[in-house]
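Subject: Structure handover

Hello,

Please find the structure below. My notes on it follow.

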Amino acid sequence: MPDSAHRPINDLQSYWMPFTANQQFKSAPRMLVSAKGMYYKTDTGREVLDGVSGMWCVNAGHNRDPITEAIREQAGQMDYATAFQIGHPLAFEVANRLTAILPENLEHVFFANSGSEAVDTALKIALAYHRARGEGTRTRFIGRERGYHGVGFGGTAVGGIVNNRKQFGNMLGGVDHLPHTHNLEKNAFSRGQPEWGADLADDLERLVALHDASTIAAVIVEPMAGSTGVLVPPVGYLERLRTICDRHGILLIFDEVITGFGRTGAAFGAERFSVKPDLMTMAKGLTNGAVPMSAVATTRGIYDAMMDGPPDVIELFHGYTYSAHPLACAAALASLDLYLEEGLFDRASELASYWEESVHSLKDAKNVIDIRNIGLVAGIELKPRGDDPAKRGYDCFVRCFEEGLLFRQTGDTIALAPPLIIQKSEIDHIVDTLGKILNELQ
Ligand SMILES: Cc1ncc(COP(=O)(O)O)c(C=O)c1O
């Protein structure tokens, strides 16, 4: 008999947890069992303030009744419908509702289920678009060091976080990377967009000179890099990337899986930073995290170039069983309603200066070497402990969780991105808890 046949149902071994130190976790598990508004509850009944919107996704707060109701109602009406050669009305409605809040150059929407799938979809659309226009030699992608674009082979290849790449061989060929924009010497403790670093975008000219523009399909960046520890784009940087892409016929993809739906104080990072991409990925906040769903928005030019062939031929041989899943569509519509009714994108913008003041008050806490912020996001970078990178960050994460605060630890950076419904008193509580724990920690 295999070992697993004897495991009780509450045994922790069968479940192989993602992006988790399984052995460490299973020796001292942390369990969440319910959530409402700004708070989770643990299996021991403790309340935990959610300082990172689950994982950058629950922008309107947890278990919002209109979203729960919409999912429940849709589950009773039609649980599933294929999106291949058949439609259902909610899918069209979500696409139309999205184009109403997207930058006006993005007019078409393709659905997938996760940020990773959206990224791989965007990369494939870029390739197919160039090929449709007779520029099939454009197959190269340019990502950025420290970028995170999910875990598909495409997203892993264009991503730039070494731990996410080193176990998986060569991945997608023909990928190069821009330098990241993090610089403690020049930009530590910047508030909002750092002043230094626009020139880093010029490295794209070097890559064009190296590879030739005729081989490059697209550049992909997060407008604000989240998962690598909150890197806010330097003033002028995204504008310059846009200019260079235009000069060479290269598509610019913004991965807005984190920055979408109000996080930076506007509907999308593209709006917040006033730079329009040719393709945009989104996920997470699209359904307020309630049902997996993601999307890729494209310009009319890209869509039209693909719609140029015979009308009875499938234009893009790509899609997912669960593209535009009815439950996800219902959750997306209810989420979009809630965001608008409660003015949550504006709320994030209005709270941003209080948030900025509050998080920067931790400047003198022990081991803090940088604080970065934009909208309702902050990254607090800690000095690594000796030769043990990420250990201080992890200890802080565990101690804060015990103390009733959840954030996302990325290396030695504390990433904060609370639901946009957060109250000032809760911001104070986050800062007080962090200040206390940081000063206690070795
Ligand atoms: C910018 C970005 N792209 C893609 C992804 C991947 O999304 P998912 O985990 O839904 O596949 C993430 C996840 O955090 C992300 O931050």
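The contact between the two domains comes first: 32 residues of domain 1 are in contact with 30 residues of domain 2 (two residues are in contact if their C-beta atoms, placed from the backbone, lie within 7 Å). On the domain 1 side, α2 (53–56), α14 (344–360), β11 (368–374), β12 (377–382) and β15 (413–416) each supply at least two of the touching residues. Helices (H or I, at least four residues) and strands (E, at least two) are DSSP runs, numbered from the N terminus. The most comes from α14, with 7 residues. By type, the domain 1 side that touches domain 2 divides into 17 nonpolar, 10 polar and 5 charged residues. Here Ala, Val, Leu, Ile, Met, Phe, Trp, Tyr, Cys and Pro count as nonpolar, Asp, Glu, Lys and Arg as charged, and the others, Gly among them, as polar.

Before going further, note that this is a predicted model: local features need pLDDT of at least 70, side-chain atom pairs count only at pLDDT 80 or more, and totals for chains, interfaces and linings use all residues. Residues are numbered from 1 along each chain as its sequence is written.

Domains. Domain 1 is made of 3–60 + 343–440, and domain 2 covers 68–341; the bounds come from an automatic or database domain assignment. Their C-alpha centres are 25 Å apart. Glutamate 342 sits in the loop between α13 (326–341) and α14. Is this residue buried or exposed? Glutamate 342 is partly exposed, because 15 other C-beta atoms lie within 10 Å (20 or more would make a residue buried, 12 or fewer exposed, and anything in between partly exposed, with C-beta atoms placed from the backbone). Its C-alpha atom is 27 Å from that of arginine 372, and the two residues are 30 apart along the chain.

Ligand. The ligand is surrounded by 14 residues, and the closest are Ser114, Gly115, Ser116, Gly150 and Val257. A residue is taken as near if its C-beta atom, placed from the backbone, lies within 6 Å. Helix α5 (residues 115–132) supplies the largest share of this shell, 3 residues. The shell holds 5 nonpolar, 7 polar and 2 charged residues.

Sheet. One open sheet has 4 strands in the order β1-β2-β3-β13, with mixed pairing (two strands pair if DSSP finds at least two bridges between them). Its edge strands are β1 (32–36) and β13 (405–406), each pairing on one side only. β1 runs antiparallel to β2 (residues 39–42), and 4 bridges join them. These two form a hairpin with 2 residues between them, where glycine 37 in the turn has a positive phi of about 60°. Across the pair, lysine 36 has tyrosine 39 as its bridge partner. β2 also pairs with β3 (residues 47–50), antiparallel over 3 bridges, and tyrosine 39 stands opposite leucine 49 there. That second hairpin has 4 residues between its strands, and glycine 45 in the turn has a positive phi of about 85°.

Whole protein. The secondary structure comes to 16 helices and 15 strands. The radius of gyration is 22 Å, close to the 22 Å that the globule rule gives for 442 residues, so the protein is as compact as a globular protein of that length (the radius is taken over C-alpha atoms, and the rule is 2.2 Å times the number of residues to the power 0.38). Of the 442 residues, 49% count as buried.

Regards
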